[in-house]
Amino acid sequence: MVWRLAAVSVLVLGLQGSPPAAVPDRDPKIVTLVAAVSQERLVAILKRLEAFQTRNTLSTVGSPTRGIGAAREWILGEMQSYSPRLQVSFDTYRLAAQGRITRDVEIRNVMAVLPGRSARRIYISGHYDTVAIAGGDAANPLRNAQGELLFADPDSPAPGVDDDGSGTALTMELARVFSQSGIDFDATLVFMCHVAEEQGLFGARLHAQKAAADHVAIEAVFNNDIVGGDRGGDGTADGATIRVYSEGPDDSPSRALARYVERWAARYVPSHRVRLMARPDRFLRGGDHSAYNEFGFAAVGFRESREDFSRQHSARDTFDDISPAYLTENARVNAAAAATLALAPPPPVVTTARGQPTLGRTPGAYDADLRWSASPGAAAYRIFWRPVWGPDWQHDLLVGNATEVVLPDMQIDDYVFGVAALDAAGHESYVSAYVEPPRQNPPIALAPEK
Ligand SMILES: [Zn+2]
């Protein structure tokens, strides 16, 4: 069915669609889930992680109380205790010596899967490994005059409470809250504690590579790395915002996911503002979400509002620099957006099988004709648009259970369009935007010299 939107026809044709009856903007189940995030539990997890003294990927696995071996066993057991619905396991790889990995080593991500009705997956993640550089990041560059990488002994203190005990605690606490919520999610949720981030995102890259090879439908990755402190090393403080980084171009799935976080977190945690950052990560710095981007998945990176560089990657990254209330708000932002996305239908497909956008100028040559493939479970769709020169959607319209809409007299050259899928309760997917595929030019043929 086609919706033709014109001033005189909206009402008449509106009757042909079946938009959901008025539903509240907030789902009471999600309100309850967001409220269940416990500051007390986040603090307890952080203190327990700190007590392992180091979680360096190359630290000892022989001690029951210290080092990465003890830490990963504890994380595994803790997540197993949350709910029988959680499938908790190690995701293990044998890594050869390379770069900052100075010897062959077995590495283990710790993952907890909460099966949903469908196989599409939403990840919430952090990295549980830590690193300390002699002198901390202040001792940069990381290489000496001979070009050799500078390492502290991997068994020396590297508490990593903010980097990234904070993201690990957030991930674990959301594993508890989601698995105990009793909510029947459409998407499968994966709570992932990555390892070997500090040496080159190895845990995340190996997992993402495997997922891509196995055609796992990863729809979104919410990666949290350094999200527990709200006081900058320069003395500034900001406990009311969180930065969300995403790779471009403008309407990439990662950018759509970032806008989604801002749109939906605001409904449940209105006091905490999401600040969208139109770049993959902080300047010249990286994190595990980029590993998922590398293999074609939508992934964003959450970063605290202000950083204290003097503590990162040093023995000074301790609990006393954490703002528990701030970390709790950041966890709630993640929970609100991830729960909404996991209850929504998958985003509509707005391309042909050959990757061409299903956006045209018919019927009048100067109209916008938006078509998309129906999303399983969708009861309605919402279309979005904005002028091409603009970062955020400016207009949206609920259009019922259609798979085509015509917006008369709107030149598709001048606007970006997108569409999201909604279930009958109003849970909305992120927006699939109509974008031009990269132009592939054939090689230029030159005539032979005369
Ligand atoms: Zn980190």
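**Sheets, helices and odd loop spots**

User: How many bridges join β3 to strand β5 (residues 188-194)?
Analyst: The two strands, β3 and β5, run antiparallel. Strands here are DSSP runs of E, at least two residues long, and helices are runs of H or I, at least four residues long, all numbered from the N terminus. Two strands pair if DSSP finds at least two bridges between them. For β3 and β5, the number of bridges is five.

User: Which residue in β5 stands opposite M111?
Analyst: Before the name, some ground rules: this is a predicted model, where local features need pLDDT of at least 70 and side-chain atom pairs count only at pLDDT 80 or more, while totals for chains, interfaces and linings use all residues. Residues are numbered from 1 along each chain as its sequence is written. With that in hand, the residue opposite M111 is M192.

User: What does β3 pair with over nine bridges, and in which sense?
Analyst: One register point comes from R94, whose bridge partner in β3 is E106. The pairing runs antiparallel, and the strand in question is β2 (residues 87-95).

User: Is strand β3 (residues 105-114) largely enclosed or largely open?
Analyst: A residue is buried if 20 or more other C-beta atoms lie within 10 Å of its own, exposed if 12 or fewer, and partly exposed in between, with C-beta atoms placed from the backbone. Eight of the 10 residues of β3 are buried, so the rest of the structure leaves this strand largely enclosed.

User: Which strands are the edges of the eight-stranded open sheet?
Analyst: The order is β2-β3-β5-β4-β6-β9-β7-β8, with mixed pairing. Going from one strand to the next, the twist averages 25°. The strands that pair on one side only are β2 and β8 (273-277).

User: Do strand β7 (residues 241-246) and β8 run parallel or antiparallel?
Analyst: In general, strands of a sheet pair through backbone hydrogen bonds, either parallel or antiparallel. Here V244 stands opposite L276 in β8. Five bridges join β7 to β8, and their sense is parallel.

User: What angle does α5 make with β4?
Analyst: Angles run from 0 to 180 degrees between N-to-C directions, using axes fitted to C-alpha atoms, for helices over the stretch in contact. Helix α4 (residues 68-80) packs on the sheet too, touching β2, β3 and β5, and its direction makes about 10° with that of β3. As for α5, it lies across β3, β4 (121-127), β5 and β6 (218-224), and its angle to β4 is about 145°.

User: Which residues of helix α2 (residues 28-35) are buried, and within what arc do they fall?
Analyst: The buried ones are I30, L33 and V34. What covers them includes α5 (161-179), α7 (253-268) and α9 (324-343), while the face turned away carries the exposed P28 and A35. The arc is that of the directions from the helix axis to the C-beta atoms. Seen down the axis, the buried residues line one face of α2, since their arc is 95°.

User: At roughly what angle do α2 and α9 cross?
Analyst: The contact (C-beta atoms, placed from the backbone, within 7 Å) is made by I30, L33 and V34 of α2 and R332, A335, A336, A339 and T340 of α9. Angles under 35 degrees count as roughly parallel, over 145 as roughly antiparallel, 65 to 115 as roughly perpendicular and the rest as oblique. That makes α2 roughly antiparallel to α9. Their axes come within 9 Å, and the crossing angle is roughly 150°.

User: At roughly what angle does helix α3 (residues 39-50) cross α9?
Analyst: Q39, L42 and V43 in α3 meet P324, A325, L327, T328 and A331 in α9. The two are roughly perpendicular. Their axes come within 9 Å and cross at roughly 110°.

User: Which proline does a cis peptide bond join to G248?
Analyst: There's another cis bond between T362 and P363, with omega about 0°. The G248 one also has omega of about 0°. Its proline lies in the loop between β7 and α7, and the name is P249.

User: How many other C-beta atoms lie within 10 Å of A196?
Analyst: A196 has a positive phi of about 60° although it is not a glycine. The residue sits in the loop between β5 and α6 (202-213). A196 counts as buried, and the number of other C-beta atoms within 10 Å is 28.

Key. Two residues are in contact if their C-beta atoms, placed from the backbone, lie within 7 Å.
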